[in-house]
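Me: I would like to learn how to read a model of this kind, step by step. Could we go through it together?

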Protein chains: 2
Amino acid sequence: MRKNLRETLRSAIQEGRLVAGTTLPSSRTLAVNLGLSRGVVTDVYDQLAAEGYLAMEPRHAATVAGVASAALAKPEPATPEWRFDFSATTPNVELFPRRPWIRSVERSLRSASRDALDYGDHRGRIELRVAVRNYLARVRGVRTDPGRIVITQGFTQALDLLCRVLAARGATTLAFETPSLPDEWATVRASGLRLLACPVDRHGLIADKLKQSDAAAVVVTPAHQFPTGVVMTSARRTALVRWAAGEGRLIIEDDYDAEFRYDRAAVGALQGLDPGRVVHVGTASKTLAPGVRLGWLSLPADLVDEVRACKGASDSGSPAIDQLALADLISTGEYDRQVGRARHLYRRRRDQLVDALSARLPHLRVEGAAAGLHVLLRLQESVDDSAFARMAASRGIAVRALSPMLLAGGRDRGLLLGYGRLPFERIDEAVESLARVIGRDGG
Amino acid sequence: MRKNLRETLRSAIQEGRLVAGTTLPSSRTLAVNLGLSRGVVTDVYDQLAAEGYLAMEPRHAATVAGVASAALAKPEPATPEWRFDFSATTPNVELFPRRPWIRSVERSLRSASRDALDYGDHRGRIELRVAVRNYLARVRGVRTDPGRIVITQGFTQALDLLCRVLAARGATTLAFETPSLPDEWATVRASGLRLLACPVDRHGLIADKLKQSDAAAVVVTPAHQFPTGVVMTSARRTALVRWAAGEGRLIIEDDYDAEFRYDRAAVGALQGLDPGRVVHVGTASKTLAPGVRLGWLSLPADLVDEVRACKGASDSGSPAIDQLALADLISTGEYDRQVGRARHLYRRRRDQLVDALSARLPHLRVEGAAAGLHVLLRLQESVDDSAFARMAASRGIAVRALSPMLLAGGRDRGLLLGYGRLPFERIDEAVESLARVIGRDGG
């Protein structure tokens, strides 16, 4: 009764049904009216006075205090339902191993120490840092140790932390591949750093521009450049590592989808060549699902303290249960099995997509098909690829244009065709629909 | 075999057993030596060349390329095992409802839509925002709607996001209660904002100092001030809300442990008085466990877009599975039951602690016992409370001193005695040991 009366009066005041200045009945009267004991009413009046909703003076009746009104948030525009979804940044989330994940949560929560759920080392749970170290050494040729790993909320937070640490060290400029993902530019700019565009050709990033710049670091995607799909050549890797040998320079390796290489074994991470200058960033966003929001930084030893402190100030560390579950998934081998299953399925989709494109759009070049979860459909220079993307959207096809990803402008044009969200049996129809949008003009 | 040979050679180069310039045997020779097919060896050489570990020129034997060495991270100092742990910032993590959490993960993963595991609204999963809205309205008198809620990684990230948004708006100064938690000052400073100390007396924050300042916002703990334990009075609430009515001013309400009130129903949140000027921040860190790392911001409508964008740039959103599980825990009533169980247990511990203190240290005042998970043991002004804390540590007692929490210095001295980590049956002994450290001097 006490709780009901309190909530009734409080809402009436909050919603303006009882306006400021209104005198309430005495506790005795209200108690009689409602069939309550007077003590209950007095308690509720006291409570609401303590909260600031009522003004009470000795020997006076309680009056309603002024309360400000609340504006509602703007309603959200509904997300469109796509007929065909060529999104290039997301994997097939239907593959997420729900049952193994539940089992891993259960197993790790059952055996977790008391400390596991408390505040802890801001680098993350040691169980996950050990599992990630072993996985990265085995699968990616990364040289690290658990002490140099910091667990993050995916690549976005890894980049955010690095930018903040570099800015605090006095850096002003971060080099980025062009083309690259505009969402990531936003993260860099939020930390106050300037972006320098570094061009990519069919061998990967051209390090020349870096040499004449004051960039403190460069973000690269050597295993499968996003969005062009280029695999960085050996010569370019060597040139890049040579640039980084200069005072205080850093390479940030975004190793986002290297697990999915189709024509041969995945090229090992750049980080292995120079662990003192290359920060390796991996995530579970493509191998499991973006919603897992777990990533891992392998840091040069002299960056660990700063990144750890920045992680602490940002969010006091990543969620413990997810970390324990992922550690269990990796160390039981379930993670590898999952990656294997996914690779098999993506390869089939990729083959189907490449076949359909060569059948329906034979005059256009398909690039970057060796790895990852998307290909680049190259269009003629200087056509309006964004207009194609808009036209496609109006026909229920989600597809992203290349030109908005050119950090410093340029003539490259194309469409990014991801197959994470496109089921195998829909690919042919999707390409047929897309071909109708592009027609002969894009070639 | 291919994989083994690749990893063997790669590690040998990475670890310096094969030094730069070393000529490798021809693929033919190595194949014969190892009993492998020549194709396997050629593949491995190609792979390692692509990764940058080998230099290959046509018609020349492969040579080892230079690889930089890696420094190990410094080994961590081991965390001490405390005899008695009076930590004031952590709850009893042994109460974490492991089985209900597992059931919630299972139930929500079974029924989750495909989209739930994909990238999504940076404010967080709608299921959790709806559950939190209902909970906050019911339990804390907060006026919000799911569109104005942003899910965060606990209070730390909520504060970080707000600071970054305020700084981007041009704010220079954030007011903070003194005393307060130094960890939080670090978060504020990381965003480039200056801290202004606002004193707290036994009625709560004194808003006078705010009026003469250029502070854009103030962070307060009205339900149970940290660390003094003061509950902000009605008059102070009104004064604070009046200050915030000025142009572009904001109150950030850290509602960290309001669920644990022992002498009466918890005082409703300040936010209810003015949802257009007060940001309410709640978390699961005290009710469930800090390792859950989930919190929720209830924002004024005009802050939503900026905070959402900042959350996106920081980490692309919080983990999906945890959000779904917590939404399930709240909406099935399990969360309320958990809070009820915890409140009952903490009340027993609190009573025991207060009794033990009045028996063993009757000359010292105990403050802030009405709510929360800690009390403040007030010492004489200007004694060296940090020296007491150090002396206690040397005897295996973890306890924090008050004076390092004074943002602008001052004469207040005391010790924070938390009972989240101190089992009921150890309290008496713990206080006895502490009393021996303090002796007669602290009184």
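Reply: What follows is a short dialogue on a helix, the domains and the interface of this predicted model.

Me: What span should the 13 residues of helix H1 of chain A have?

Reply: A helix is expected to span 1.5 Å times one less than its number of residues. For H1 of chain A, residues 2-14, this gives 18 Å, and the end C-alpha atoms are 18 Å apart, so the two values agree. The helix is followed by A:Gly16, whose phi is positive, near 85°.

Me: Which residues of H1(A) are buried, and what do they pack against?

Reply: The buried residues are A:Leu5, A:Arg6, A:Leu9, A:Arg10, A:Ala12, A:Ile13 and A:Gln14. They pack against helices H2 (27-34) and H3 (38-51) and strands S1 (54-55) and S2 (63-64) of chain A, together with helix H5 (126-140) of chain B.

Me: How is chain A divided into domains?

Reply: Domain 1 covers 2-64, domain 2 joins 84-88 with 337-438, and domain 3 covers 98-332; the C-alpha centres of domains 1 and 2 of chain A lie 64 Å apart.

Me: By what turn and shift can chain B be laid on chain A?

Reply: A turn of 180° with a shift of 0.0 Å along the axis lays chain B on chain A with an RMSD of 0.1 Å. The two copies are therefore related as by a two-fold rotation axis, and the same surface serves both, since 100% of the contact residues of chain B recur in chain A.

Me: How many salt bridges are counted between chain B and chain A?

Reply: The count is six, and a salt bridge joins the side chains of A:Asp160 and B:Arg164 at 2.9 Å, N to O.

Conventions
Residues numbered from 1 in each chain as written. Chains lettered and ligands numbered in written order. Predicted model: local features only at pLDDT ≥ 70, side-chain atom pairs only at ≥ 80, totals over all residues. Heavy atoms only, no water. Helix = DSSP H or I, 4+ residues; strand = E, 2+ residues; numbered from the N terminus. Buried < 20%, exposed > 50% of the residue type's maximum accessible area, 1.4 Å probe, protein only. Contact = heavy atoms within 4.5 Å. Least-squares fit on C-alpha atoms with pLDDT ≥ 70 in both. Domains from an automatic or database assignment. Salt bridge = Lys/Arg side-chain N within 4 Å of Asp/Glu carboxyl O.
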